[in-house]
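Please walk through the structure below, starting with how its chains meet and ending with a single helix.

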Amino acid sequence: MNGSGFYVIRPGMHSLIQDLGRQGCYRLGLTTGGPADKLSFLWANRLCGNRAHSAALEITFGGMEMEATDETRIAITGAQAPISIDGKPVDNWRSHHLGKGSRLTIGTASRGARIYLAVSGGFQIPPTLASVATVTREAIGGLKGTALNKGDFLPFIPTGKDRDFALPPQLRPTMDSAAPLRVIPGWRAADLPRALKRDFFYRSDDRLLSLSADSNRMGYRLSGEPLADIDRIPAAMLSEGIVAGTVQLPASGLPIIMHCDHQTIGGYPKIGTVISTDLWRLAQLPAGSRIRFTPITVANAQHIHRQTLRMFESTVPWIID
Amino acid sequence: MKIAVAAENALVIYFGETINPDTLARVRQAVTIIESELEEYLVDLIPSYASIVIIYREEKIRPAALRRLLREHLANSETVPSNSGKRVELPVYYSIESGPDLQLVADYHGIDVEEVIHRHSNSEYLVYAIGFAPGFAYLGEVDAALATPRRSTPRLRVPQGSVAIADRQTAVYPSPSPGGWNLIGRCPTPMFSLQSSPQMPVSVGDTVVFVPVSKKDFIRLGGEL
């Protein structure tokens, strides 16, 4: 890679190399990984002129500083955070040219939790099982299967100055939406007590569950008043496969929403699965957010997914000369 | 056989409610059929004890059509016993040194350590599922006389290769991880390696036999204490 890349000066709290994830490995017990907020990730690569699967960074909560050893172009999307290049504040949701020796600083995220940073051509990192997605629990992907560390070097292919692209504010995904998470009832939800399901979907505003600080890319935990009739769930379930979005109901009566680093097999009863676009939104919500669930059909869920991707594909970013 | 929705791009098929070789045989046979007949619609499959999660290409097929195809293809498979998987021998150094709960398991059942080793290594185990962690194979069923509940407080770090029992399941920890199973020995065979092909020595439906080895052989086979 002849030495072009970023030196990590401050790695931030939890910064991960990601692409769209490691597909087709569930039978080895490997999860997919990939960006928690896929839409913001897609936009970061798009604003850099990259392919969708290109390796980019997911920076949780910000606090990162890097130095470019060569010319390149970057784009930053996702959570709102102060960004500066060589000490000069710049906007997010657009691309920027970086000169040789430029220093990029990303402050602490204020709205949203996850920031995405793409580099022109994508970070040049050898894949493991066809993906560079970092899953720290599995010690796979990224540079050494871990979050970024101080002193890490992230190679890129140098790029000269070119036109920059931006996404206008009204077209960006919202970072703190209070809209309910849409859940497709499924698995063996038919066997669950009716009062439990009613409580899950139609709880009154003053009793809503909230996001626990104990949440991560593996799963989002909820806290608050346990679901009604949780002790009436039929006992002894065989472990079965789980997917991103699956809502598990442990005996505590506090649901866990499995996310992009979910384990492949789990034994808790399940009530349904959060739709993909709402999982991306969930990834940006701060701890303490009130969570409301609402049921949705598979057909509507698929429609929303298609529409969201179609919107992404048909939206033309602004050109900045 | 029952098919349910698992996600906007996933279905789950249930074949039964219990752990037994017949149900597993149906799961395995269904996996083979789905892979050969419906490959163009598949993203991935997660087989487990009595179910298969099917993640499909939602742009290629509607869930109702996929359900119909699954019923069609799997309807005739109800009675055909699946061909057996391969037989894999895994060496184990059983000792207090390599299996700190060996005495606890013996005491729990009022038998001696030798009896635990004898019973554990004189059974054939089926690989029922792979999951939890890369390469973690759920093996069953353990002799009822050895069934031991999980530890009330899980260990923060179980060493790689640890051979463990939880209720009537047994497994080899493929990498160091937290874990609540009872440790009775150590296996030197790598259970998961990205550099190997295949990455795992076992797959669902295989038969595993544990072969007791001495400390010397354990070390010679690459084991570490």
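Two residues are in contact if their C-beta atoms, placed from the backbone, lie within 7 Å. By that criterion, in this predicted model, 30 residues of chain A are in contact with 31 residues of chain B. On the chain A side, β16 (240–241) and α4 (298–314) each supply at least two residues. The largest share, four residues, comes from α4(A). By class, the side of chain A that touches chain B has 12 nonpolar, 14 polar and four charged residues.

Chain A also has an internal contact to consider. The chain is divided into domain 1 (5–173) and domain 2 (181–312), and the C-alpha centres of these two domains of chain A lie 28 Å apart. Their contact takes 18 residues from domain 1 of chain A and 15 residues from domain 2 of chain A. On the domain 1 side, α1 (38–47) and β10 (111–119) of chain A each supply at least two residues. That side comprises seven nonpolar, seven polar and four charged residues.

In chain B, the helix to look at is α2 (residues 63–75). With 13 residues, α2(B) reaches 18 Å from its first C-alpha to its last, close to the 18 Å expected at 1.5 Å a residue. Which residues of α2(B) are buried? They are Leu66(B), Leu70(B) and Leu74(B). These residues cover an arc of only 50 degrees around the axis, which puts them on the same side of α2(B). An α-helix has 3.6 residues a turn, so residues three or four places apart point the same way. The buried residues of α2(B) pack against β1 (2–7), β2 (10–14), α1 (21–37) and β4 (51–56) of chain B. On the other side of α2(B), the exposed residues are Ala64(B), Ala65(B), Arg71(B), Glu72(B) and Ala75(B).

Methods. Residues are numbered from 1 along each chain as its sequence is written. Chains are lettered from A and ligands numbered from 1 in the order in which they are written. This is a predicted model: local features need pLDDT of at least 70, side-chain atom pairs count only at pLDDT 80 or more; totals for chains, interfaces and linings use all residues. The expected span of a helix is 1.5 Å times one less than its number of residues. A residue is buried if 20 or more other C-beta atoms lie within 10 Å of its own, exposed if 12 or fewer, and partly exposed in between; C-beta atoms are placed from the backbone. The arc is that of the directions from the helix axis to the C-beta atoms. Ala, Val, Leu, Ile, Met, Phe, Trp, Tyr, Cys and Pro count as nonpolar, Asp, Glu, Lys and Arg as charged, and the others, Gly among them, as polar. Domain bounds come from an automatic or database domain assignment.
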